[in-house]
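Let's walk through this structure together, starting at the ligand and moving on to the packed interior. Keep the viewer open as you read.

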Amino acid sequence: MSGRPVRDLASRRMTSHSRREFLKASMSAAVFVAAGMNASLLHALDSESDDGLRARLAADPLRPQFHLLPAKNWMNDPNGPIYWKGHYHMFFQYNPNAAVWGDMHWAHAVSDDMIHWRHLPIALAPTPGWSDADGCFTGSTVDDHGTATILYTGVKTVAPERATLRDGVHTFREVVCLATSDDPQLLTWNKWKSPVIEPPQDSRLTGFRDPFLWRQQRVGADGHGGAVPLRGRGDARDWWYLGVASGVRHEGGNVLLYRSKDLRQWEYLHPLASGKWTGTYSINPVDSGEMWECPDFFALGGRHVLLYSTAGGVYWETGELDPKELVFHPDKLGVLDYGAYYAQKTQLDAHGNRILWGWITEKRSDDELRAAGWAGCMSLPRVLSIGTDGGLEMRFVPEVKSLRGEAFEVPGRSSPDRRESAMQAIEIKNLAGEFLWESSEQAFTLKLVDRTGLWFGVLLDSHGGGPKLEVNGRSVKVPAIKNTARKFHLFLDGSVAELICDDLHVITTRIYRRPDGPLRLSGDSSIGSLRRLVAWQVKPTSPDRLTT
Ligand code: DQQ
């Protein structure tokens, strides 16, 4: 392990979304009963008709209009996105029964452009009594010589000594399961008769889930042989490689690497990558960096990229995959998104671009989520690339331009009066807007307000301790840059705001205040330092906020 960078998780944010929500979700019903809280609200929600709920969700101004989300109830991780026979298929963790975490199924949606989605029937559901009886957790979809094949995590409650997921509430045994589809639209899936990988027997194991795969040719004696994943048909020399998120108590999270020729019989190799424990105690090993979740690994721009979620954060590492030893050696690392974002997952698009998806998490209580009737949405697709320094960069995919409606522009070079009137003309209705701007100053403010006051604010502050980017109160340190403009790209969609600065620093935020009129630029925004600002009214992707 010498020469590997130290992953300093201790200095990072220490909140965990997934497992905390996991615990809260399981306990909230009991809390309701025990405390006798909101019984009438619960009753009202229980008795609300499907049509009534749909109408309420379709009119909820905080529910996004151009981010993918289920018609109702809870969603979390993107699962197995794949471009298949000319269409984009997205699956995601879904609770069909409530707007809180639980009873995990794979929901399914299809799109021609990764932006406009249509819901399809549920793809995978737990099978009573079987290895996935308590949930079909996260996984991946691959093209196995023309057959769409899902590798996912099956979970089932077992005695604690056989469990791999022990978070203080659940004792789940996690196994890798396989399902195939012969249907060109991927509507029906057949589960393989038995799990294809059982977890290692090790009391210090902190988990065993979220498989990802790639296929590559056998490595020759010269050490070459394609560390780049192959697409399309392969030959008998091809190996499938599969990484599983795991970790070791008091050591740290890791990815366990397996290989197979047929996706059904797997041989364990060794850890592909390993991280460090934060040194803090937590019942749930995800909170202390002792367990990674949703790892992904792929070749990009002549390098390799590892992504994972742990200890409340989402991280990227770039470096080299040793082609002979099949061990990843990172030399750069960073944060994928500093905000309400978790459980990242990538896919290749129709042109071979590496597309990043993620779960936009909620910041409301379970009671509020139940009352809202929906929770979570998918981030907009972002295309990944390697920057000149070897680090990871991202931009919203060009397909988002199809959403642009009425355009507004504040020109860079014009009189203060013209700028002022251009600025005042901006009016974004229904919380659906896109903003692109460049600022030449190292200190900068942009504020969007409705009639009640501030809705969304970005502040770039370069005084003392280096530049800081602050978004609705969330502050992130950013490296100083010289003689160039800072570039910002923002999408606002109901309660969701996704902001990318300089293709590097990403902060996704949630805003739950009910809007009061259209959004406008506030007068105290630093319009004087703008090189240019363009804004668009964004067109919804469906007439009813995807409630059908
Ligand atoms: N969500 C899934 C797990 C995964 C976690 C369960 C991450 O497979 O580790 O819903 O959010």
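The paragraphs below cover the ligand site and then the nonpolar cores.

A word on the ground rules: this is a predicted model, in which local features need pLDDT of at least 70, side-chain atom pairs count only at pLDDT 80 or more, and totals for chains, interfaces and linings use all residues. Residues are numbered from 1 along each chain as its sequence is written, and side-chain values use heavy atoms, with hydrogens and water left out.

Begin with the ligand. It is surrounded by 14 residues (each with a heavy atom within 4 Å of it), and the closest are Asn-76, Asp-77, Gln-93, Arg-209 and Asp-210. Look next at the ligand's oxygen atoms: one is 2.5 Å from an N or O atom in the side chain of Asp-210, one is 3.0 Å from such an atom of Trp-101, and one lies 3.0 Å from a polar side-chain atom of Glu-293. Taken alone the ligand exposes 310 Å², of which the protein buries 99% (Shrake-Rupley areas, 1.4 Å probe).

Now turn to the interior. The largest nonpolar core (buried Ala, Val, Leu, Ile, Met, Phe, Trp, Tyr and Cys residues joined through side-chain atoms within 4.5 Å, where buried means under 20% relative accessible area with a 1.4 Å probe, protein chains only) has 65 residues. Leu-68, Phe-92, Leu-307, Leu-336 and Leu-392 have the most contacts inside this core. A second, separate core of 35 residues includes Phe-435, Phe-444, Trp-455 and Leu-469.

Conventions:
Buried means under 20% relative accessible area, exposed over 50%, partly exposed in between (1.4 Å probe, protein chains only). A polar contact is a pair of N or O atoms within 3.5 Å; within protein, one must be able to donate a hydrogen and the other to accept it, and residues adjacent in sequence count only if both atoms are side-chain atoms.
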